[in-house]
Amino acid sequence: MAGIRKKSSERKTAIREFAERFYFDNQRSPSMTEIAGELKISRSTAYEYLVEMDREGIVRYDGKQIETESTRKAKSSLQYAPIVGRITCGTPDFAEEDLEEYIPLPVSLFGEGDFFILRTYGDSMVDAGIEEGDMVVLKKQHHAQNGDIVAILDGSCTTLKRFYYEPEKKRIRLHPENKTMKDIMIYNLDDCVIQGVAQHVIKKL
């Protein structure tokens, strides 16, 4: 009996550790089939273990989601932002609005807010450290301070530039952070919409 109890305890540990690894890799709990495949046990056996582990307080299991102390803490410290396509860092161009995926952003690093992420192409913001292929995390808002880097919609085109509102000249000036490029002047302010203000840059690998 002692050998059986030892094996059972080891399997519970293996299930908990796999559930945690799977969550941090995939941002979701593993399915019963995935647990069974990993531990080479039947789905019914995996289910029986989870029910017992929930009863013993090793994990929380509600029939669908598996939660451990580590994943519980991670969920409370993460927020998810969608990657919604790409944005030009050159001449204004169309932004692709297709949703690619969601990625987790640690609250301790990014703070709280309504964020979205755009992939960049072009080289007009290289002097600000934003290169082609980087992902820019933007806070969704329709106002900005002079000097902010913004995603801005001008008619049907979106671009990423440093923003300056010049009321005396009745225009918005978009400044590229590239010494070889000229500022873009926008005079039709009614067609100009700020989509978000850049908060962080996730560098391409």
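Helices and strands here are DSSP runs, a helix having at least four residues and a strand at least two, and they are numbered from the N terminus. With that in hand, let's work through a few exercises on this predicted model.

**Exercise 1: Place a lysine in a loop**

Task: find out where Lys170 lies, and say whether Lys170 is buried or exposed.

Solution. Start with the elements on either side. Strand S8 covers 157–166 and strand S9 covers 171–175, and Lys170 sits in the loop between them. Next, look at the backbone: phi of Lys170 is near 50°, which is a positive value in a residue other than glycine. Last, the surface. The cut-off for exposed is over 50% relative accessible area. Lys170 has 63%, so Lys170 is exposed.

**Exercise 2: Try another lysine**

Task: work out which helices flank Lys40, and what the sign of its phi is.

Solution. The loop holding Lys40 runs between helix H2 (32–39) and helix H3 (43–56). Lys40 isn't a glycine, yet its phi is positive, at about 55°. As for the surface, Lys40 has a relative accessible area of 73%, so Lys40 counts as exposed.

**Exercise 3: Get the overall picture**

Task: describe the protein chain as a whole, beginning with how many helices and strands there are.

Solution. Count the elements: the protein chain has 5 helices and 11 strands. Then check the extent. Along the principal axes, the C-alpha atoms fill a box of roughly 85 × 25 × 25 Å. The radius of gyration is 24 Å, whereas a compact globule of 205 residues would come in near 17 Å.

Now for burial and contacts. Of the 205 residues, 40% are buried. Take the contacts with a separation of 6 or more: 58% of them link residues 24 or more positions apart. On the outside, about 11,900 Å² is exposed, and carbon and sulfur atoms supply 49% of that area. Finally, the charges: there are 30 positive and 34 negative ones, and their mean positions are 6 Å apart.

**Exercise 4: Follow the strand pairings**

Task: starting from strand S3, trace which strands pair with which, and in what sense.

Solution. Step one is S3 itself, residues 78–88. S3 is mostly covered, with 8 of its 11 residues buried.

Step two: look at the partners of S3. With strand S4 (residues 101–106), S3 runs antiparallel, joined by 6 bridges. Pro82 has Tyr102 in S4 as its bridge partner. With strand S5 (residues 115–121), the pairing is parallel, over 4 bridges. Here Ile83 stands opposite Ile117 in S5.

Step three: move on from S5. Strand S6 (residues 135–140) runs antiparallel to S5, and 5 bridges join the two. Arg119 is partnered by Met135 in S6.

Step four: S6 pairs with S11 in the antiparallel sense over 6 bridges. One of the matched pairs is Val137 with His200 in S11.

Step five: S11 (residues 192–202) also pairs with strand S7, antiparallel, over 5 bridges. Asp154 meets Cys192 in S11 as its bridge partner.

Step six: S7 (residues 149–154) pairs with S8 in the antiparallel sense over 6 bridges. Ile152 finds its partner in Thr159 of S8. S7 and S8 form a hairpin with 2 residues between them, and Gly155 in the turn has a positive phi of about 75°.

So how do side chains sit along a strand? In a regular strand they alternate between the two faces of the sheet.

**Exercise 5: Put two serines side by side**

Task: say where Ser70 and Ser77 are placed, and which residues each one touches.

Solution. Take Ser70 first. Ser70 belongs to helix H4 (residues 69–76). Partly exposed covers the range between under 20% and over 50%. At 34%, Ser70 is therefore partly exposed. Apart from residues up to four places away in sequence, Ser70 touches Glu20 and Phe24. Lys161 is 91 residues away along the chain, and the two C-alpha atoms are separated by 40 Å.

Now Ser77. Ser77 lies in the loop between H4 and S3. With 33% relative accessibility, Ser77 counts as partly exposed too. Setting aside neighbours within four places in sequence, Ser77 is in contact with Leu105, Pro106 and Val107. The C-alpha atoms of Ser77 and Pro106 are 5.9 Å apart, although 29 residues separate the two along the chain.

Key. Residues numbered from 1 in each chain as written. Predicted model: local features only at pLDDT ≥ 70, side-chain atom pairs only at ≥ 80, totals over all residues. Heavy atoms only, no water. Rg over C-alpha atoms; globule rule 2.2 N^0.38 Å. Buried < 20%, exposed > 50% of the residue type's maximum accessible area, 1.4 Å probe, protein only. Contact = heavy atoms within 4.5 Å. Areas by Shrake-Rupley, 256 points an atom, 1.4 Å probe, with all protein chains shown as cover. Lys, Arg positive; Asp, Glu negative; His and termini not counted. Charge placed at Lys NZ, Arg CZ, Asp CG, Glu CD. Pairing = 2+ DSSP bridges.
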